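Visitor: I would like to walk through some charged side chains with you. Shall we take the structure in view and go pair by pair?

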Amino acid sequence: MDSLITAAARALAAGDPLGALKRVALRDDAPALALRGIAMAQLGDFVRAKALIKSAARAFGPREAVARARCVVAEAEIALASRDLTWPAKALDAARVTLEEHGDRANAAHARYLEVRRFLLIGHLDDAERALAQSDPSALSAALRAAHELTVAGIAMRRIRPKDARAALGRAEDAARRAGIPALYAEVQSAAAMLNTPAARLLSRDEERPLLLDDVHSLLSSKALVVDACRYVVRDSRSVTSLATRPILFTLVRTLAEAWPGDVPRGALITRAFRAKVADESHRVRLRVELGRLRTMLKGLADVSATKDGFTLRPRRAREVVVLARPVEEEHAAVLAFLADGESWSSSALALALGASQRTVQRALDSLADSGKVQSVGRGRARRWMTPPLPGFATTLLLPAPLPND
């Protein structure tokens with residue numbers, strides 16, 4: 001490489017995209033195109049960055065396998081930053097293998113972390129942990145070590161292990177400080193702030209209060225019967241029962257839990273579970289059937305007993321019953337939770353992350369747009385959706401993901 005390319009590469013490694021552009025902005029050779037693309041990505045112009053990286057990949061000859069692999073990694077990082085989660089993961093894996101075979105361990109490790117971050121973003125925590133276990137952080141640069149620890153912290157947060165997350169963020173802060181990259185240090189600080197903002201709400205008959213992640217961990221480790229409205233499960237210290245595919249049963253148990261130790265009138269249960277304004281005999285029969293199914297599902301955890309006016313929940317082992325709810329609850333809260341990270345998302349990426357159809361997500365986005373809660377930019381496949389972060393809430397911490405000991 002010539003001196004300008006070397007200087008531009010060093011500027012990008014130090015987080016100085018403008019310094020890099022000063023050196024290669026007027027050049028159209030393949031290395032310069034690649035560096036310009038990375039610089040534009042660091043400045044947030046992902047559309048231009050993607051076009052430059054593609055041009056660089058075409059400009060590199062077929063014998064320049066390492067350079068082409070690096071372009072694939074750069075394109076994957078741009079796609080991840082712009083929340084385009086449909087990019088081909090196999091191409092990134094092939095590029096990582098090429099880089100490892102040619103001894104470029106730093107960029108190979110970077111490719112691995114992009115893979116892990118994608119798994120983390122869409123909630124595939126088991127896949128993220130397996131991929132992360134294949135990397136050795138001891139031989140990494142300070143910047144990559146910070147990225148590694150950020151990923152470890154992200155997994156720990158979603159596994160509801162605040163102590164592990166806090167330790168990883170401490171190591172990430174040290175590594176980011178050694179790297180001397182302001183944007184990386186700011187990312188670590190932003191992640192650390194999530195531990196000090198409410199991640200959920202506790203609901204009971206007598207109170208409603210926000211919970212930090214440490215509070216959530218303590219609650220799940222306590223002797224309480226927890227009706228988790230974040231993951232649609234009912235659990236105590238010994239066992240977990242999922243009602244994710246039984247929305248009516250979950251609505252019934254949540255209604256009973258919110259009123260515990262009191263009971264809930266039959267009419268109130270019918271109104272909330274079946275959304276019937278006027279209850280007739282058919283609704284009462286259906287209520288008895290659904291409560292029978294609920295008793296079967298909760299066997300070993302709790303029983304549903306009839307009272308003079310309605311029904312009440314009686315835990316078998318737990319001392320109390322509480323509801324763990326999202327910080328913000330509305331019809332499309334899950335979509336808002338993803339958009340709350342401040343990034344722009346495509347509807348296809350949201351569908352992949354939510355495990356829903358793209359049509360369902362698009363209807364939700366249209367409804368949120370009509371109410372002014374989200375906005376879109378671009379057209380067609382370039383259309384992206386975004387919303388300002390919800391103040392005071394770390395809403396992404398409790399997105400649907402496997403619970404501890406599931």
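Visitor: How far apart, N to O, are the side chains of Glu-208 and Arg-201 in their salt bridge?

Guide: Keep in mind that this is a predicted model. A salt bridge calls for a side-chain nitrogen of Lys or Arg within 4 Å of a carboxyl oxygen of Asp or Glu. The side chains of Glu-208 and Arg-201 meet in such a bridge, with an N to O distance of 2.6 Å.

Visitor: Is Arg-201 buried or exposed?

Guide: Buried means under 20% relative accessible area, and exposed means over 50%. Its partner Glu-208 has 54% relative accessibility, so Glu-208 counts as exposed. Arg-201 has a relative accessible area of 14%, and therefore Arg-201 is buried.

Visitor: Which residue forms a salt bridge with Glu-207?

Guide: Glu-207 has a relative accessible area of 37%, which means it is partly exposed. The partner is partly exposed too, at 36%. The closest N and O atoms of the pair are 3.2 Å apart, and the residue bridged to Glu-207 is Arg-209.

Visitor: Let's move to a helix. By about how much of the helix are Glu-149 and Arg-145 separated?

Guide: The side chains of Glu-149 and Arg-145 meet in a salt bridge at 3.1 Å, N to O. Both residues sit in helix α9, which covers residues 142-158. Because they are four residues apart there, the separation is about one helical turn.

Visitor: And is Glu-149 buried or exposed?

Guide: Arg-145, at 26% relative accessibility, counts as partly exposed. The limit for burial is under 20% relative accessible area. Glu-149 has 3%, so Glu-149 is buried.

Visitor: Which residues are linked with Arg-96 in a network of salt bridges?

Guide: Here the bridges join up into a network rather than standing as a single pair. Besides Arg-96, its members are Asp-93, Glu-100, Arg-112 and Glu-115.

Visitor: How many salt bridges does the count come to?

Guide: The pairs we visited include Glu-208 with Arg-201 and Glu-207 with Arg-209. By the within 4 Å rule, the count comes to 29 salt bridges.

Visitor: One last stop: with which residues is Arg-295 in contact, leaving aside neighbours within four places in sequence?

Guide: Arg-295 lies in helix α15, residues 281-297. With a relative accessible area of 30%, Arg-295 is partly exposed. Leaving aside neighbours within four places in sequence, the residues in contact with Arg-295 are Asp-303, Val-304 and Phe-311.

Definitions and conventions
Residues numbered from 1 in each chain as written. Predicted model: local features only at pLDDT ≥ 70, side-chain atom pairs only at ≥ 80, totals over all residues. Heavy atoms only, no water. Helix = DSSP H or I, 4+ residues; strand = E, 2+ residues; numbered from the N terminus. Buried < 20%, exposed > 50% of the residue type's maximum accessible area, 1.4 Å probe, protein only. Contact = heavy atoms within 4.5 Å.
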